[in-house]
Amino acid sequence: LVDHDYRDDATMILLVTNEPQYVQGREALKGMFKWYLENIYRGFISTEKLALSEDSIFLEGTIDTANGPAKVYDAIFLKDGQIYRHYSGLK
C-alpha cells in the first residue's frame, strides 16, 4: 500500500491527540501503519461520507478499534496519482 500509493516525500498528519502528529516518508508511514494495524484497528464498520475528485479523497466512517467503535475521517491529496498529504483524525 505505502510503496504503491504514497509518494516518497508523503506526509500524514494525525489529528488524534491535542497536538498534530506528523509522519513523513514511506518508511515512517510503514512503521506507523504497522503499529496501527497491530494495536488499534480491528475492522471496518461503515462509510458515512465519501467525496472524490481527480486530486483528492475525503471520507468519514466508522471503524472497530481495540477500544470499540470510533468515528474517523480522512482527507487525502494526490499529486501525479499518489498521496502526498494525508490528514487522518477521530471525531
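**Exercise 1.** At 57% relative accessibility, does D8 count as buried or exposed? Then describe the salt bridge that D8 forms.

*Solution.* The model is predicted.
Step 1: the cut-off for exposed is over 50% relative accessible area, so D8, at 57%, counts as exposed.
Step 2: the salt-bridge partner of D8 is R26, with the closest N and O atoms 2.6 Å apart.
Step 3: D8 belongs to strand β1 and R26 to helix α2, so this pair ties together parts that are 18 residues apart in sequence.
Step 4: R26 has 18% relative accessibility and counts as buried.

**Exercise 2.** Find the salt bridge between K34 and E38 and place both residues.

*Solution.*
Step 1: between K34 and E38, the closest N and O atoms are 2.6 Å apart.
Step 2: both residues lie in helix α2, four residues apart, which is about one turn of the helix.
Step 3: E38 counts as partly exposed, at 48% relative accessibility.
Step 4: D3, E27 and K30 are joined into one network by salt bridges that share partners.

**Exercise 3.** Which residues make up the largest nonpolar core, and which element gives the most to this core?

*Solution.*
Step 1: the core has 11 residues in all: V2, Y6, A10, M12, L14, V23, L29, M32, F33, I76 and I83.
Step 2: at least two residues come from each of β1 and α2.
Step 3: β1 gives the most, four residues.
Step 4: leaving out residues up to four places away in sequence, I83 touches D5, Y6, R7, A10, I76, F77 and L78.

Terms used:
Residues numbered from 1 in each chain as written. Predicted model: local features only at pLDDT ≥ 70, side-chain atom pairs only at ≥ 80, totals over all residues. Heavy atoms only, no water. Core = buried A, V, L, I, M, F, W, Y, C linked by side-chain atoms within 4.5 Å. Buried < 20%, exposed > 50% of the residue type's maximum accessible area, 1.4 Å probe, protein only. Contact = heavy atoms within 4.5 Å. Salt bridge = Lys/Arg side-chain N within 4 Å of Asp/Glu carboxyl O.
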